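Thanks for coming, everyone. I would like to walk you through a few places in this structure, and I will ask you to keep it on the screen while I talk.

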Amino acid sequence: MGPGAAMNSLSDARFKTMRVSVNMLVPLTKETAAPYALLPSLVSRATRQYPDYTALNRRLSELYGATFSSCVRKFGEWQSVGLSAGGIASRYAFGGEDMLEELSRLLCSVLFSPLKDQEGLFPEEGFRQEKRQLLEMKDAEYNDKMTYAHQRCEEILFEGQRAGINRCGSREDIEALGREDLSELWEQLLRTARFEIFTLGDCAPDSAWFAERFGGAGSSQAPGRVAYAEPREVRCVTEEQPLSQSKLSMAFRLDAEPKERMLFQLMSAVFGGTPSSKLFQNVREKMSLCYYCSSSFAGASGALFVESGVETENLEKTQEAVLGQLKALQAGQVTEEELTFAKLALCNALHSVGDSLGAVENWYLSRVFDVPGQSPEQAVEELMGYTIEDVVEAAGRLRLDTVYWLKGNGGC
Amino acid sequence: MEIQKVKSPRAGDHYFKVCHPTGLTIYLYPKESGNTTYAIFGARYGSIDNCFRRSDEPGPETVPEGIAHYLEHKLFESEDGDAFARFARTGASANAYTSFESTCYLFSCTERFMESLEILLDFVQAPYFTEETVKKEQGIIGQEIKMYDDDPQWRVLFNYLRAMYHSHPIRLDIAGTVESIAKITPEYLYRCYRTFYNLHNMALVIVGKFDQDQVLNLCDKMLKPCEPVRVDRVFQKEPETVAEPTVEERLAVALPLFQFGFKEEAGALKTEKDLAAMEILLEVLASESSPLFRRLLDGGLVNESSFSYEYFEGAGYATVMFGGESHDPEAVARAIKEEIGRLKREGVPRDDFERAKRALYGENISALNSASSIANGVLNLTLKGRELFAYIDALAQVTLEEVAEKLTILREDRSVLSVIRPL
């Protein structure tokens with residue numbers, strides 16, 4: 001559509017809904033992570049036409065409960081700042097509204113002419129509320145111990161690097177935010193981000209309309225991935241909290257090419273991604289150590305995480321069991337059956353991507369960081385070509401970097 | 001075999017309801033969008049069913065807490081391996097869950113649907129429990145219980161239910177306790193299995209792309225006839241009052257959590273219209289368009305990502321509840337009570353009522369995009385004697401007066417506030 005903006009349209013009239021979204025991709029930096037996380041919720045809480053929170057939400061209710069929301073994601077060392085609107089397809093709108101037109105206008109109005117006060121700043125009240133809510137979201141992440149343990153492990157893994165910055169910045173960064181700088185930062189975001197625009201579901205977008213608005217937006221910087229660094233020694237960090245269950249979070253680094261993403265997905269599925277995986281079958285089923293023990297591959301970070309919840313006295317034993325299963329995998333102890341099961345499970349997941357508009361968006365947005373434009377069907381084709389030798393070789397590239405224990409001391 | 005076509009002109013969808021000779025009710029919901037076909041096989045048997053009476057036996061019987069959930073875990077195992085391994089061969093993604101009132105086994109797949117359906121129908125009808133396999137599960141379920149012990153959202157809800165209910169088993173944890181599950185034996189599992197996993201007490205729902213004749217032929221082959229035994233739930237008499245108006249606990253959290261709500265006299269099971277009227281009232285009262293939500297937000301009392309409300313009701317229990325994170329849960333509860341008082345005095349504004357109806361209509365149409373949300377919706381409604389399209393129609397037909405009438409349920413003297421605070 002322009003040097004800094006790409007349009008992704010997948011029209012499918014079999015859906016009863018439609019969705020339009022704008023994602024702005026920028027490098028994560030300590031200075032911008034917090035303001036860029038705050039801005040999308042700030043601009044989308046009211047508009048010039050509906051200049052107050054309640055008025056805007058009433059309009060959305062009238063539009064058959066349409067949603068209008070912001071979403072901040074992290075891909076390795078990049079931040080994705082998104083705004084999306086969704087609702088029922090126009091054929092269900094008994095009032096005759098053109099839903100795509102209504103929602104696209106709403107989206108563009110907050111992007112390009114957000115509500116400001118007389119001094120040209122974002123309104124004070126909205127700023128105060130959104131800042132408070134962002135800080136409360138931080139608290140909620142602490143409340144959820146699974147999320148908390150994972151985030152701590154990731155922070156330690158990438159300490160001092162851009163990939164170690166939280167997707168919404170740190171609590172201190174959020175607390176330090178001032179309203180005065182935000183207008184300029186919003187302009188800067190619009191100028192420097194790479195735009196990925198989506199129209200999905202039962203709607204037929206007019207590409208000229210979007211090109212007119214986004215043709216000159218953004219910049220053409222290409223998103224990259226976290227560069228590989230060989231771990232020097234394993235970092236082990238233990239924190240204690242009064243919990244009944246301890247959490248184990250392990251991070252491995254791996255040296256992989258962007259185009260090898262499916263190979264590493266497959267390796268992770270064999271290792272700990274499905275109920276037939278080594279971790280589930282051995283650490284849970286055979287050893288009865290836990291309710292969950294699973295691995296996940298974070299492509300843009302070049303990392304693989306293993307997470308479990310166990311008795312405090314079993315932390316060490318579980319960690320050894322995980323490493324034991326990895327060793328077996330690296331030594332080639334994988335059967336054709338295990339490989340086939342992992343492939344089939346991944347195929348099922350890939351074929352299901354097209355069932356939900358949110359999943360389609362997430363898929364193509366994530367592909368920007370490895371194989372741009374690759375469809376789930378193409379990924380299936382690639383996946384089916386891998387052999388046991390490929391998986392074993394990929395597992396051989398895992399290097400344990402960080403072990404984080406959130407140690408429960410019996411609860412209260 | 002009786003086959004009935006159920007249509008919704010509003011949604012543009014239809015499904016077939018089949019009364020199978022074995023006693024099982026089957027729902028077949030064709031869906032062209034998407035690639036996934038979803039099947040769910042469930043029993044009207046949940047964590048509240050610790051005391052029951054079979055229609056072919058005299059007395060009521062009481063069993064330890066947590067059996068429904070334990071059974072759910074163990075049913076995946078059979079003499080020749082576990083069901084997960086069988087699903088792994090077809091590539092289907094399989095799972096199961098136990099709720100207060102049902103136990104459900106499900107899979108979703110994009111290929112080889114008939115093979116997976118055969119596995120589902122087979123393993124749910126083939127219990128296999130031994131001392132050894134039952135014992136092995138204690139460690140796994142023990143960790144599942146402990147995971148929930150550390151989950152403040154779970155804790156705030158169960159503290160709320162325990163404060164609200166004197167004796168109804170809704171107050172019990174779904175998985176039971178580490179102590180109660182230690183009492184579970186293969187005999188208990190077989191006994192409860194044979195009581196509740198009777199096809200007359202179950203339903204099968206399939207949503208997606210399938211050949212109806214093939215599905216019914218497979219059902220004919222796989223379903224095992226059952227004696228027409230009815231199971232009745234036996235509850236102690238539950239007083240109309242709440243057990244404790246407030247309850248508080250301290251956990252490792254950074255921000256307090258609350259659950260606040262009102263106890264309704266349970267009475268007869270609610271109809272689709274009752275549900276629709278209450279949903280509209282809650283949308284008027286507390287949605288993001290409401291004056292109440294705005295006051296809570298401006299007062300710094302709630303946040304958009306955690307505030308929620310729900311009409312939570314079923315066999316012998318009913319409550320309207322609000323939950324979320326807040327620095328001042330007492331102030332949230334006060335504001336909710338005040339707004340209810342105002343609506344009682346001033347009436348429900350017609351504009352708000354109409355707007356709420358539109359929003360709920362859109363949300364329900366949107367939910368029909370997803371095979372899993374349709375399948376779970378149809379199953380859970382049917383196990384409670386309700387029907388999906390009748391609910392969507394009720395949302396359109398319900399009147400302002402019927403909605404306002406529901407305000408009388410929200411009584412201050414029947415309210416409970418549960419709070420989790422930081423240590």
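Helix H12 of chain A, residues 336-352, packs with helix H2 of chain B at an angle of about 70°, and their axes lie 7 Å apart. Since an angle from 65 to 115 degrees counts as roughly perpendicular, that makes H12(A) roughly perpendicular to H2(B). On the chain A side the contact is made by A:Glu337, A:Phe341 and A:Leu344, and on the chain B side by B:Ala85, B:Ala88, B:Arg89 and B:Thr90. If we sort these residues of the H12(A) and H2(B) contact by character, 4 are nonpolar, 1 is polar and 2 are charged. Please bear in mind throughout that this is a predicted model.

Let me stay with H2(B), which spans residues 83-90, and ask which of its residues are buried. They are B:Ala83, B:Phe84, B:Phe87, B:Ala88 and B:Thr90, and because they cover an arc of only 160° around the axis, they sit on the same side of H2(B). As a reminder, an α-helix has 3.6 residues a turn, so residues three or four places apart point the same way. The buried residues of H2(B) pack against elements of both chains: helices H10 and H12 in chain A, and, in chain B, strands S8, S9 and S10 together with helix H3. Just after H2(B) comes B:Gly91, with a positive phi near 85°.

That brings us to H3(B), residues 113-124, which packs with helix H8 of chain B, residues 212-222, at an angle of about 30° and with the axes 10 Å apart. The two helices, H3(B) and H8(B), are therefore roughly parallel to each other, and H3(B) passes H8(B) in a right-handed crossing. The residues of this contact of H3(B) with H8(B) divide into 8 nonpolar, 1 polar and 3 charged.

Finally, two backbone details in chain A. Most residues other than glycine have a negative phi, yet A:Tyr64 has a positive phi near 60°. Where is A:Tyr64 found? A:Tyr64 lies in the loop between helix H2 and strand S3 of chain A, and A:Tyr64 is buried, with a relative accessible area of 1%. A:Ser288 likewise is not a glycine and has a positive phi, of about 50°; A:Ser288 belongs to the loop between H10 and strand S8 of chain A. With a relative accessible area of 18%, A:Ser288 also counts as buried, because the cut-off for that term is under 20%.

Notes: Residues are numbered from 1 along each chain as its sequence is written. Chains are lettered from A and ligands numbered from 1 in the order in which they are written. This is a predicted model: local features need pLDDT of at least 70, side-chain atom pairs count only at pLDDT 80 or more; totals for chains, interfaces and linings use all residues. Side-chain values use heavy atoms; hydrogens and water are left out. Buried means under 20% relative accessible area, exposed over 50%, partly exposed in between (1.4 Å probe, protein chains only). Helices (H or I, at least four residues) and strands (E, at least two) are DSSP runs, numbered from the N terminus. The arc is that of the directions from the helix axis to the C-beta atoms. Contact means heavy atoms within 4.5 Å. Axes are lines fitted to C-alpha atoms, for helices over the stretch in contact, and angles run from 0 to 180 degrees between N-to-C directions. Angles under 35 degrees count as roughly parallel, over 145 as roughly antiparallel, 65 to 115 as roughly perpendicular and the rest as oblique. A crossing is left-handed if the near helix is turned anticlockwise from the far one by less than a right angle, and right-handed if clockwise. Ala, Val, Leu, Ile, Met, Phe, Trp, Tyr, Cys and Pro count as nonpolar, Asp, Glu, Lys and Arg as charged, and the others, Gly among them, as polar.
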